[in-house]
Amino acid sequence: MRITVTVDGTSYTDEVEPRTLLVHYLRETLGKVGTVIGCDTSNCGACTVHLNGHSVKSCSVLAVQADGAEVTTIEGLARDGELHPVQQAFHDNHALQCGFCTPGMIMQSIDLLADNPDPDEHAVREGLEGNLCRCTGYQNIVRAVRDAAQRMSPGAGPEAERVSGEDVTRTSGAFAGGGE
């Protein structure tokens with residue numbers, strides 16, 4: 001099935017199997033390996049991306065469901081060499097240990113801050129409850145999200161994710177690493 005999807009500001013047209021998960025399309029076809037595969041059951045949130053400006057677990061979305069949509073991955077957040085404020089807050093507050101959950105945590109945090117630009121600790125913990133971290137006690141993650149809230153004005157959301165890009169059409173199908 002042919003799909004066209006805008007990922008991190010670039011439009012891609014590809015042939016995909018109807019059963020291909022969005023996470024596999026992003027990683028194997030487009031090479032967006034910052035979106036990690038965790039549990040494949042939508043329990044951990046490691047594969048969280050934004051679909052039309054809202055967080056989704058990309059292991060629970062088919063690539064064909066993203067046809068015509070805009071997807072933002074962790075790779076699409078930085079602008080002009082500057083980290084997104086949530087990325088910078090995670091770095092500055094040491095909100096990671098192994099880093100496996102970090103891309104999904106950051107993507108979910110941006111969506112949380114779009115809905116609640118000034119969350120208290122309880123709201124942050126509740127907003128991140130679908131994303132698991134096995135290494136930390138979440139204290140630094142909560143601190144990072146609250147710090148990012150202070151850095152961001154008027155808030156996070158799709159506008160912070162938009163980039164001008166190019167169109168890429170591939171007709172040779174999906175290949176690991178996004179090559180043709």
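The following dialogue works through the features of a predicted model, from its overall fold to single residues.

Colleague: Where should one begin, and how many helices and strands does the chain have?

Modeller: One begins with the secondary structure and its order. In this predicted model, the chain has six helices and six strands. Read from the N terminus, the elements run β-β-α-β-β-β-α-α-α-α-α-β.

Colleague: What share of the contacts in the chain comes from residues 24 or more positions apart?

Modeller: Among contacts with a separation of 6 or more, residues 24 or more positions apart account for 63%. Burial is a further global figure: of the 180 residues in the chain, 46% are buried. The chain exposes about 8700 Å², and carbon and sulfur atoms supply 47% of that area.

Colleague: Turning to single residues, how is burial to be read, and is Ser109 buried or exposed?

Modeller: The test is relative accessible area, and a residue under 20% counts as buried. Ser109 is buried because its relative accessible area is 0%. This residue lies in helix α3.

Colleague: Which backbone oxygen does the side chain of Ser109 reach, and which residues does Ser109 touch beyond its sequence neighbours?

Modeller: The side chain of Ser109 reaches the backbone oxygen of Met105, at 2.7 Å. Not counting residues up to four places away in sequence, Ser109 touches Val86, Phe90, Leu128 and Val145.

Colleague: Where does Asn93 lie, and why does it count as buried?

Modeller: Asn93 lies in a loop, the one between α2 (85-92) and α3 (102-115). It counts as buried because its relative accessible area is 13%, and the cut-off is under 20%. A polar atom of the Asn93 side chain lies 2.8 Å from the backbone oxygen of Ala89. With neighbours within four places in sequence left aside, Asn93 is in contact with Asn140, Arg143, Ala144 and Asp147.

Colleague: How is a positive phi to be read, and which value does His94 have?

Modeller: The general idea is that most residues other than glycine have a negative phi. His94 is not a glycine, yet its phi is positive, at about 50 degrees. Its place is in the loop between α2 and α3. His94 counts as exposed because its relative accessibility is 58%, where exposed means over 50%.

Colleague: What is the phi of Asp80, and where is Asp80 placed?

Modeller: The phi of Asp80 is near 50 degrees, a positive value in a residue other than glycine. Asp80 is placed in the loop between β5 (70-72) and α2. With a relative accessible area of 81%, Asp80 is exposed.

Colleague: How should a pocket be described, and how much space lies in the largest pocket?

Modeller: A description gives the volume, then the lining and its chemical classes. About 190 Å³ of space lies in the largest pocket. The residues that line this pocket include Gly38, Cys39, Cys44, Ala46, Phe100, Cys101, Cys133 and Arg134. By class, the lining has nine nonpolar, two polar and one charged residues.

Colleague: Among the lining residues is Phe100; how far apart are Phe100 and Gly38 in sequence and in space?

Modeller: Phe100 and Gly38 are 62 residues apart in sequence, and their C-alpha atoms are 8.3 Å apart in space. Phe100 lies in the loop between α2 and α3. It counts as partly exposed because its relative accessibility is 38%, which falls between the 20% and 50% limits. Outside its neighbours within four places in sequence, Phe100 is in contact with Val36, Ile37, Gly38 and Ala46.

Colleague: Cys133 also lines the pocket; is Cys133 buried or exposed?

Modeller: Cys133 is buried, with a relative accessible area of 11%. Its place is in the loop between α4 (121-127) and α5 (139-151). From Thr102 it is 31 residues away in sequence and 8.3 Å away in space, C-alpha to C-alpha. Neighbours within four places in sequence aside, Cys133 is in contact with Cys101, Met105, Tyr138 and Ile141.

Colleague: As a final case, which residues is Ala123 in contact with, leaving aside its neighbours within four places in sequence?

Modeller: On that basis, Ala123 is in contact with Leu112 and Asn116. The place of Ala123 is in helix α4. Ala123 and Leu112 are eleven residues apart in sequence, with a C-alpha to C-alpha distance of 8.8 Å.

Technical notes: Residues numbered from 1 in each chain as written. Predicted model: local features only at pLDDT ≥ 70, side-chain atom pairs only at ≥ 80, totals over all residues. Heavy atoms only, no water. Helix = DSSP H or I, 4+ residues; strand = E, 2+ residues; numbered from the N terminus. Buried < 20%, exposed > 50% of the residue type's maximum accessible area, 1.4 Å probe, protein only. Contact = heavy atoms within 4.5 Å. Areas by Shrake-Rupley, 256 points an atom, 1.4 Å probe, with all protein chains shown as cover. Polar contact = N/O pair within 3.5 Å; in protein donor to acceptor, adjacent residues only side chain to side chain. 1 Å grid on protein atoms, 1.4 Å probe; cavity = no way out; pocket = protein on both sides within 12 Å on 5 of 7 lines; lining within 4 Å. Points joined across faces, edges and corners; volume = space filled by probe spheres on them. Nonpolar A, V, L, I, M, F, W, Y, C, P; charged D, E, K, R; others polar.
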